[in-house]
Amino acid sequence: MAEENGAAAAQPTPPKMQVVAQFIKDMSFENIAAQKGLGEGDNTPDIQVQVNLDAKKRAQDNQYDITVKLEVSAKTKEGGKPIFLMELEYTGVFLVENVPDDQLHPFLLIECPRMLFPFIRRIVSDVTRDGGFPPLNLENIDFLALYRNELARRAAAENTAPAGTT
């Protein structure tokens with residue numbers, strides 16, 4: 001019986017993540033089609049989405065700012081004329097506890113953005129609709145793949161450093 005209690009006490013405490021706050025840090029939407037007077041027939045969109053992530057430690061213990069920077073641009077499929085441009089920086093303040101130091105970086109840049117994504121999707125949908133277009137429902141973003149791609153990009157950049165530098 002004592003061995004069972006000792007084994008239970010040795011179990012690691014599970015990670016804890018809590019969203020303390022979330023907010024739009026910066027946002028802009030430009031209806032370029034309306035400004036330039038593009039005709040209705042010219043508006044078949046080719047939509048491009050770029051995502052960048054940023055994580056910063058806050059002064060409070062175990063709190064981090066995670067910012068998802070999104071740029072959504074739409075151009076006509078024929079001619080590549082700009083239709084609209086949306087830029088959004090959406091930040092979540094997270095309390096993260098019981099995550100080992102070696103796992104904290106991926107946790108902050110994968111799990112935290114996953115928590116924010118449904119809110120970002122809703123904002124993009126509402127703003128594009130209110131901007132005069134059909135609501136744009138973003139596809140799910142694979143934050144794990146983004147993280148792995150960034151690690152691979154950094155490793156490749158280090159491997160192509162000029163000779164003689166370390």
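**Pocket lining and sheet architecture**

The lining of the largest pocket comprises seven nonpolar, three polar and three charged residues. This description, like those that follow, rests on a predicted model. The largest pocket encloses about 320 Å³ of space. Its lining is made up of 13 residues, and those closest to the centre of the pocket are L53, L109, L146, Y147 and E150. Two or more lining residues are contributed by each of β2 (45–57), α3 (101–130) and α4 (143–159). Among the elements, α4 makes the greatest contribution to this lining, supplying six residues. In general terms, rolling a probe the size of a water molecule over the atoms shows where empty space is left.

The strands were examined next. Four strands form an open sheet in the order β1-β4-β3-β2, and their pairing is antiparallel. Strands β1 and β2 occupy the edges, and each has a single partner strand, so one side of each is left without a neighbour in the sheet. From one strand to the next, the twist averages 15°. Helix α3 lies across β1, β2, β3 and β4 (82–97), and its direction makes an angle of about 140° with β4. Besides lying across the sheet, α3 is one of the elements that give two or more residues to the lining of the largest pocket.

The pairing of β2 with β3 was considered in further detail. Strand β2 is joined to β3 (residues 63–76) by 13 bridges, the two strands running antiparallel. Within this pair, D46 has K75 of β3 as its bridge partner, and Q48 is placed opposite S73 of β3. The two strands form a hairpin in which five residues lie between them. N62 belongs to the loop between β2 and β3 and adopts a positive phi of about 60°, although it is not a glycine. With a relative accessibility of 32%, N62 is classed as partly exposed, because buried residues fall under 20% and exposed residues over 50%.

A second positive phi was found in another loop. N98 is located between β4 and α3, and its phi is near 65°, a positive value in a residue other than glycine. N98 also counts as partly exposed, at 42% relative accessibility. For context, most residues other than glycine have a negative phi.

Two strand residues illustrate contacts between parts of the chain beyond the immediate sequence neighbours. Q63 lies in strand β3 and is buried, since its relative accessible area of 14% is under the 20% limit. When neighbours within four places in sequence are set aside, Q63 is in contact with V20, K56, K57, R58, V93, F94 and L95. V19, by contrast, is situated in strand β1 (residues 16–31) and is partly exposed, with a relative accessible area of 31%. With neighbours within four places in sequence again excluded, the contacts of V19 are V93, F94 and M115. V19 and V93 are 74 residues apart along the chain, yet their C-alpha atoms are separated by 6.0 Å. V93 and F94 thus appear among the contacts of both Q63 and V19.

Technical notes. Residues numbered from 1 in each chain as written. Predicted model: local features only at pLDDT ≥ 70, side-chain atom pairs only at ≥ 80, totals over all residues. Heavy atoms only, no water. 1 Å grid on protein atoms, 1.4 Å probe; cavity = no way out; pocket = protein on both sides within 12 Å on 5 of 7 lines; lining within 4 Å. Points joined across faces, edges and corners; volume = space filled by probe spheres on them. Nonpolar A, V, L, I, M, F, W, Y, C, P; charged D, E, K, R; others polar. Buried < 20%, exposed > 50% of the residue type's maximum accessible area, 1.4 Å probe, protein only. Contact = heavy atoms within 4.5 Å. Pairing = 2+ DSSP bridges. Axes fitted to C-alpha atoms, helices over the stretch in contact; angles between N-to-C directions.
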